[in-house]
Amino acid sequence: MLPLTVSMVHYGNREFYGTIDKTIAVQGRGQLSFENGDITYCPTNNSLAIFYNQSDNPNLTMKVYVIGKVTSDLKIFHELSSKEDITFNTK
């Protein structure tokens with residue numbers, strides 16, 4: 001599926017998320033929390049998210065599956081506009 005460009009929106013001063021056209025097969029139970037830098041897939045709404053900032057409420061309402069990790073400086077996410085096209089690719 002990579003590279004994959006997703007139209008993403010800023011949410012809760014903690015993440016960017018956007019829906020994708022294809023589904024991703026998941027295994028396990030998923031999780032209702034995140035670490036900074038997590039790239040996640042949520043099968044409930046078929047979306048990807050990039051979490052960049054722990055918030056006052058780090059608990060999520062839908063289970064997510066970590067599929068990657070941002071390894072560079074996360075400060076860039078604080079500088080982005082409220083809607084961005086973000087391209088996912090392998091290193």
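How many aromatic pairs does the count come to? The count comes to five aromatic pairs. Keep in mind that this is a predicted model, and let's start with two of those pairs before moving on to the strands.

**The rings**

A pair of aromatic rings is described by the distance of the centres and the angle of the planes. Here are two pairs set out that way.

| Pair | Centre to centre | Angle between planes | Kind |
|---|---|---|---|
| Phe 16 and Tyr 52 | 6.0 Å | 35° | tilted |
| Tyr 52 and Phe 77 | 5.7 Å | 20° | stacked |

Phe 16 belongs to strand E2, while Tyr 52 sits in the loop between E4 and strand E5 (65-69), so this pair links distant parts of the chain, 36 residues apart. The pair of Tyr 52 and Phe 77 also links distant parts: Phe 77 lies in helix H1 (residues 76-79), 25 residues away from Tyr 52. Put the ring pairs together and you get a cluster of Phe 16, Tyr 52 and Phe 77.

Are Phe 16 and Tyr 52 buried or exposed? Both Phe 16 and Tyr 52 are buried. For Tyr 52 the relative accessible area is 3%. Phe 77, at 9% relative accessibility, counts as buried because the cut-off is under 20%.

**Strand E4 and its partners**

Now look at strand E4, which covers residues 47-51. Five of its five residues are buried, so E4 is largely enclosed by the rest of the structure. Which way do its residues point? Ser 47, Ala 49 and Phe 51 point one way from E4, and Leu 48 and Ile 50 point the other way. Residues on either side are buried.

E4 has strand partners too. One is strand E2 (residues 15-19), which pairs with E4 in the antiparallel sense over five bridges. Here, Tyr 17 is the residue standing opposite Ala 49. Another is strand E3 (residues 38-42), which runs antiparallel to E4 and is joined to E4 by four bridges. In that pairing, Tyr 41 faces Leu 48 from the opposite position.

**The turn at Asn 46**

E3 and E4 form a hairpin with four residues between the strands. Asn 46 is in the loop between them, and its phi is positive, near 50°. At 15% relative accessibility, Asn 46 counts as buried. Its side chain has a polar atom 3.3 Å from the backbone oxygen of Lys 22. Leaving out residues up to four places away in sequence, Asn 46 touches a run of others, including Gly 18, Thr 19, Ile 20, Lys 22 and Tyr 41.

**Asp 38 in strand E3**

Back in E3, have a look at Asp 38. With a relative accessibility of 4%, Asp 38 counts as buried. What does the side chain of Asp 38 make a polar contact with at 3.1 Å? The partner is the side chain of Lys 69. A polar atom of the Asp 38 side chain also lies 2.9 Å from the backbone nitrogen of Glu 35.

Asp 38 and Gly 68 are 30 residues apart along the chain, yet their C-alpha atoms are separated by 6.2 Å. Setting aside neighbours within four places in sequence, Asp 38 is in contact with several residues, among them Gln 31, Val 66, Gly 68 and Lys 69. The contacts of Asp 38 also include Ala 49, Ile 50 and Phe 51, and those three residues are part of the buried strand E4.

Terms used
Residues are numbered from 1 along each chain as its sequence is written. This is a predicted model: local features need pLDDT of at least 70, side-chain atom pairs count only at pLDDT 80 or more; totals for chains, interfaces and linings use all residues. Side-chain values use heavy atoms; hydrogens and water are left out. Buried means under 20% relative accessible area, exposed over 50%, partly exposed in between (1.4 Å probe, protein chains only). Helices (H or I, at least four residues) and strands (E, at least two) are DSSP runs, numbered from the N terminus. Two strands pair if DSSP finds at least two bridges between them. A polar contact is a pair of N or O atoms within 3.5 Å; within protein, one must be able to donate a hydrogen and the other to accept it, and residues adjacent in sequence count only if both atoms are side-chain atoms. Contact means heavy atoms within 4.5 Å. Rings of Phe, Tyr and Trp (its six-membered ring) pair if their centres lie within 6.5 Å; planes under 30 degrees apart count as stacked, over 60 as edge-to-face and the rest as tilted.
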